Amino acid sequence: MSPATFTAMCSANASSPRRWDGTPARSPRSRSLRVAPDSPTRLVRSAQPGHCPECGNRIDWHPRTDGDDRAVGLHPQELPAAAVPAVSRWHVSSGIAHPAHDGTPWCRIPHTALCPARSAPAALTPQLAALRRHLALHTRRLINNGTLTTPAAPPSERTESCRPARPIAHLLGVHYIASHPIGAIQCVAQTRQRHRCTRPVLDDQALHGTWTLAPATLVNRRSRPVETMAVYDLTHLAFAEQMRWRHQHCPGHAASSAADLALTEWEPFDARLHHQHIHQRLPHGGHRQNHRT
């Protein structure tokens with residue numbers, strides 16, 4: 001080997017880091033998840049981060065395959081399958097949660113089985129009991145720091161009638177029930193910082209829905225329908241505006257190609273399942289009005 005060749009090799013090794021065997025020590029370039037143009041959904045099927053509203057601990061939301069339209073909140077870490085009861089074992093494949101064990105030594109567990117704000121299950125293994133105590137300590141830190149507020153006492157019937165906690169909305173010819181009050185429904189789109197958008201779907205600059213009384217669809221044993229129920233009617237809005245509400249997007253993400261970072265929280269309204277959320281009085285006194293709160 002000539003001196004010039006040896007000098008060139010030394011210079012190349014000095015400029016680029018290499019492993020002990022001379023191969024380049026390059027880390028693979030990270031790639032962000034993208035939604036395929038032909039995808040039927042704009043939801044990125046990765047861990048959809050969230051926090052439990054009761055204890056403040058982190059939850060990973062995944063769509064499920066057990067016939068329930070609602071997403072399931074799983075503990076973000078895998079646990080040894082031997083430490084989790086068989087009925088609580090889940091596994092995730094391609095972003096979809098399956099309520100069964102896939103035969104591996106590891107599994108996932110629903111957050112509800114560990115949430116320190118709820119009553120502990122009857123039988124907890126020592127590993128799960130220790131994890132539950134760890135989550136309880138984290139909840140206490142959040143409360144002490146003022147990050148998490150303890151849930152208030154249940155509001156009275158009169159307060160609930162003025163602002164339903166789970167309002168019923170009518171859009172695109174279908175009745176849906178929301179998981180939050182109308183003004184608290186949050187956009188599910190992803191921001192440029194790869195966080196969930198914090199803006200509400202309700203916008204002061206756009207046309208609002210109208211509270212009205214509509215016939216309920218609940219039928220009792222004698223086949224007599226319930227009189228009426230308070231509904232937030234959006235059917236008088238333009239089709240694009242109703243689609244924005246259905247996709248749960250703020251006006252800034254109405255026509256955006258950004259992926260959705262969370263599942264929409266609308267559920268098809270079923271009077272038999274959601275009868276406790278039926279209110280027969282309009283908010284704020286009982287007159288038909290636009291919602292501006």
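Student: In this predicted model, how many residues does helix H2 have, and what length does H2 reach from its first C-alpha to its last?
Tutor: The model is predicted, not experimental. Helix H2 runs over residues 126–144, which makes 19 residues. At 1.5 Å a residue the expected span is 27 Å, and the computed reach is close to that value. H2 therefore has 19 residues, and from its first C-alpha to its last it reaches 27 Å.

Student: Which residues of H2 are buried, and why do they lie on the same side?
Tutor: In an α-helix there are 3.6 residues a turn, so residues three or four places apart point the same way. The buried residues of H2 are Leu-128, Leu-131, Arg-132, Leu-135, Thr-139 and Leu-142. They share a side of H2 because they cover an arc of only 100° around the axis.

Student: Which residues of H2 are exposed, and on which side?
Tutor: A residue is called exposed when its relative accessible area is over 50%. In H2 such residues lie on the other side of the helix from the buried ones. They are Pro-126, Arg-133, Leu-137 and Asn-144.

Student: What do the buried residues of H2 pack against?
Tutor: Packing here is judged by contact, with heavy atoms within 4.5 Å. The partner of the buried residues of H2 is a strand at residues 79–80. That strand is S4.

Student: Which residue just after H2 takes a positive phi?
Tutor: Most residues other than glycine have a negative phi. The residue in this place is a glycine, with phi at about 80°. It is Gly-146.

Student: Where is Leu-172, and what is its phi?
Tutor: Leu-172 sits in the loop between strand S8 (168–171) and strand S9 (174–177). With a relative accessible area of 30%, Leu-172 is partly exposed. It is not a glycine, yet its phi is positive, at about 55°.

Student: Is Gln-248, which also has a positive phi, buried or exposed?
Tutor: Gln-248 is a residue other than glycine with a phi near 60°. Its place is in the loop between H4 and S12. Because its relative accessibility is 1%, Gln-248 counts as buried.

Student: How many aromatic pairs are found, and what is the geometry of Tyr-232 and Trp-245?
Tutor: A search of the whole structure gives three aromatic pairs. For Tyr-232 and Trp-245 the ring centres are 6.1 Å apart and the planes lie at 55°, so this pair is tilted. The pair links distant parts of the chain, with Tyr-232 in strand S11 and Trp-245 in helix H4, 13 residues apart. The number of pairs is three, and the geometry is tilted.

Student: Which residues form the cluster of ring pairs?
Tutor: Tyr-232 counts as buried at 0% relative accessibility. Trp-245 counts as buried at 1%. Ring pairs join these two to a further residue in a cluster of Trp-211, Tyr-232 and Trp-245.

Student: How far apart in sequence are the parts that Asp-60 and Arg-108 tie together?
Tutor: Asp-60 forms a salt bridge with Arg-108, and the closest N and O atoms are 3.6 Å apart. Both Asp-60 and Arg-108 are buried. Asp-60 lies in strand S2 and Arg-108 in the loop between strand S7 and H2, so the parts tied together are 48 residues apart.

Student: Which residues are linked with Asp-60 in a network of salt bridges?
Tutor: The count for the structure comes to seven salt bridges. Asp-60 belongs to a network of them, and the residues linked with Asp-60 there are Arg-58 and Arg-108.

Student: Which residue forms a salt bridge with Arg-166?
Tutor: Arg-166 is in the loop between helix H3 and S8, and its partner is in strand S12, 101 residues apart. Both residues are buried, the partner at 16% relative accessibility. Contacts of the partner include Arg-70, His-175, Tyr-176 and His-274. With the closest N and O atoms 3.0 Å apart, the partner is Glu-267.

Student: What is the N to O distance in the salt bridge of Arg-199 and Asp-203?
Tutor: Arg-199 is partly exposed, with a relative accessible area of 39%. Asp-203 counts as buried at 16% relative accessibility. Their side chains meet in a salt bridge with an N to O distance of 3.9 Å.

How values were computed. Residues numbered from 1 in each chain as written. Predicted model: local features only at pLDDT ≥ 70, side-chain atom pairs only at ≥ 80, totals over all residues. Heavy atoms only, no water. Helix = DSSP H or I, 4+ residues; strand = E, 2+ residues; numbered from the N terminus. Buried < 20%, exposed > 50% of the residue type's maximum accessible area, 1.4 Å probe, protein only. Arc of directions from axis to C-beta. Phe/Tyr/Trp six-rings, centres within 6.5 Å; stacked < 30°, edge-to-face > 60°. Salt bridge = Lys/Arg side-chain N within 4 Å of Asp/Glu carboxyl O.
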